[in-house]
Amino acid sequence: MNMFAHLKSKPEMLSANDLLEIFPISRSGIYDLLREPGFPCIHLGRRIIVPRDAMIDWLENRLQEELNSAAKSRESNEVSVMPEPESEADTDLPDTQVREDGVYIKVLSRDAKKPQAI
């Protein structure tokens, strides 16, 4: 499935003005994009043109890279949230317990109704 199928209706060679219609960014943002390393564009004198199909390929690759990066970031966050194994230092804290999710709880006297997270 091609997510960018609607771009097939655009001309085979796109100008900066065509890109303004496609991308919701400013004119200076378009020129920043045209200067980005790896963006498929051709300089013809002072004119810059972008082959439509090469741009679609670039967008698909960029989207895949972003999704992979987000997945790796999510995985690293999940790993960092995992509780660490209990060490002797955890058990040596007076009136403190460690829950399964790694949160330290200060145990209050029997008069108190709720433990407090510290």
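Strands here are DSSP runs of E with at least two residues, numbered from the N terminus. Keep in mind that this is a predicted model.

**Exercise 1. Work out where Ile-42 sits and which residue is its bridge partner in S3.**

Solution. Start with the strand: Ile-42 belongs to strand S2, which covers 42-44. Next, look across to the neighbouring strand. S2 and S3 run antiparallel and are joined by three bridges. In S3, Ile-49 is the bridge partner of Ile-42. Finally, follow the chain from S2 into S3: this hairpin has two residues between its strands, and Gly-45 adopts a positive phi near 65 degrees there.

**Exercise 2. Find the strand order of the open sheet and name its edge strands.**

Solution. Take the pairings one at a time. Strand S3, residues 47-51, pairs with S1 in the antiparallel sense over two bridges, and Leu-14 stands opposite Val-50 of S3. S3 also pairs with S2, over three bridges. Put together, the three strands form an open antiparallel sheet in the order S1-S3-S2. S1 (13-14) and S2 (42-44) are the edge strands, as each pairs on one side only.

**Exercise 3. Is Ile-42 buried, partly exposed or exposed, and which surface patch does it join?**

Solution. First, recall the cut-offs: buried is under 20% relative accessible area, and exposed is over 50%. The relative accessibility of Ile-42 is 35%, so Ile-42 counts as partly exposed. Then turn to its companions: Ile-42, Met-13 and Leu-44 make up a nonpolar surface patch, with about 270 Å² of accessible area together. For S3, by contrast, four of the five residues are buried, leaving this strand mostly covered.

Terms used: Residues are numbered from 1 along each chain as its sequence is written. This is a predicted model: local features need pLDDT of at least 70, side-chain atom pairs count only at pLDDT 80 or more; totals for chains, interfaces and linings use all residues. Side-chain values use heavy atoms; hydrogens and water are left out. Two strands pair if DSSP finds at least two bridges between them. Patches are made of residues with over 30% relative accessible area and no salt bridge: like charges are joined within 9 Å, nonpolar side chains (Val, Leu, Ile, Met, Phe, Trp, Tyr) within 5 Å. Accessible areas come from the Shrake-Rupley method with a 1.4 Å probe; for residues, only the protein chains shown count as cover. A salt bridge is a side-chain nitrogen of Lys or Arg within 4 Å of a carboxyl oxygen of Asp or Glu. Buried means under 20% relative accessible area, exposed over 50%, partly exposed in between (1.4 Å probe, protein chains only).
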